[in-house]
Amino acid sequence: MTEKQADEKQATVMLAADVSSYSITTVNLAVEMAASVQTGLIGLFIEDEDLLRISGLPCTREITLTTTRERPTSINQMQRSLQAAALQFKKSLQREAQASQIAWRFDTVRGRMRDIGLKPRLDVSYTILGHPLSHRLQLGQLRKARRILLVLDDSPRQKHALEVVLRRFQHEKVELVVVGEDPGIDVSSVSASRTGREDNEIEIVRVNRNELPGLLAGAGHNFDYAILSQHEKAEELARMLNDLRCPAILVA
């Protein structure tokens, strides 16, 4: 489907990323989520206004990863780099969405990644925030199990988001950290149904809500995905997003 066709259909999945958090992994996750709910997809690239402002300072230098050489920066140069990254993001989104026959569209906005999750859109049910480069480097390390954080609320969409994420780790052991209690979601049944998983492949760890700040402060970078509620209090959601170093799925 084309961008025009996507505009004519309400999109309920949005993937937001900036130059440091774009990856094909999160693009695929967003496409899988949109395909599973049979709806459209929005790709939102954030031109980091803090990065642009810093790049204009006379003391700022860019160090390349391959040569470790320093070179001065400028706002114009950084703007071109961001535009190139946005184009790469758009092409990846287009390729993956069209392969799955998902309606899609793409927007850019200047701002900050941390603010996107705090401004819910009425036409979006699932907002996926990309992960920083540091998290992608950590994923290369050997780990005994994948770790998923689920902060429960009363939205039935959380169950669906969990099913999609669990399918991504069908052949790996998973530690599911569940925060809070909610009778509307039977986590054990979700882990065993429609995901192709066996019960013994998923370890469920229950955590009280008042333990969450300490958990994230000590291991916020150790999760592969986090599933959160868009209806959290703004200050609490901001704190969680600040501590997490993994892709976050915000459910309306």
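Contact is taken here to mean heavy atoms within 4.5 Å. The structure under examination is a predicted model. By this criterion, and leaving aside residues up to four places away in sequence, isoleucine 249 touches Leu29, Met33, Tyr126, Thr127, Ile128, Ala161, Val165, Ala226, Ile227 and Leu228.

Isoleucine 249 also belongs to the largest nonpolar core, which comprises 41 residues. Within this core, the residues that touch the most other members are Val13, Leu41, Phe89, Ile148, Val165, Ile227 and Ile249. Helix α4 supplies the largest share of the core, namely 7 residues. A second core, separate from this one, contains 27 residues, among them Val124, Val207, Leu215 and Leu241.

Aromatic side chains were examined next. In total, 4 aromatic pairs are found in the model. One of them joins tyrosine 22 to phenylalanine 89, with the ring centres 5.3 Å apart and an angle of 50° between the planes, an arrangement classed as tilted. Tyrosine 22 is located in the loop between β1 (11-17) and α2 (24-37), whereas phenylalanine 89 is part of helix α4 (residues 75-99); the pair therefore ties together parts that are 67 residues apart in sequence. Tyrosine 22 and phenylalanine 89 are both buried.

Another tilted pair is formed by phenylalanine 169 and tyrosine 225, for which the centre-to-centre distance is 5.8 Å and the angle between the planes is 40°. Here phenylalanine 169 occupies the loop between α7 (157-168) and β8 (174-179), while tyrosine 225 lies in strand β10 (residues 225-229), so the pair ties together parts that are 56 residues apart in sequence. Phenylalanine 169 is buried, as is tyrosine 225.

Ring pairs also extend beyond two partners: Tyr22, Phe45, Phe89 and Phe106 are linked by them into a cluster. Phe89 thus appears in two settings, since Phe89 is a member of this ring cluster and is also listed among the residues of the largest nonpolar core that touch the most other members. A further arrangement involving an aromatic ring concerns arginine 147, which lies over the face of phenylalanine 223 at 4.4 Å from the ring centre.

Finally, glutamine 158 was considered. Glutamine 158 is situated in helix α7. The relative accessibility of glutamine 158 is 1%, and the residue therefore counts as buried, the cut-off being under 20%. In space, the C-alpha atoms of glutamine 158 and serine 229 are 7.9 Å apart, although 71 residues separate the two in sequence.

Terms used. Residues are numbered from 1 along each chain as its sequence is written. This is a predicted model: local features need pLDDT of at least 70, side-chain atom pairs count only at pLDDT 80 or more; totals for chains, interfaces and linings use all residues. Side-chain values use heavy atoms; hydrogens and water are left out. Rings of Phe, Tyr and Trp (its six-membered ring) pair if their centres lie within 6.5 Å; planes under 30 degrees apart count as stacked, over 60 as edge-to-face and the rest as tilted. Helices (H or I, at least four residues) and strands (E, at least two) are DSSP runs, numbered from the N terminus. Buried means under 20% relative accessible area, exposed over 50%, partly exposed in between (1.4 Å probe, protein chains only). A charge sits over a ring if NZ of Lys or CZ of Arg is within 6 Å of the ring centre and within 35 degrees of the ring normal. A nonpolar core is a set of buried Ala, Val, Leu, Ile, Met, Phe, Trp, Tyr and Cys residues joined through side-chain atoms within 4.5 Å.
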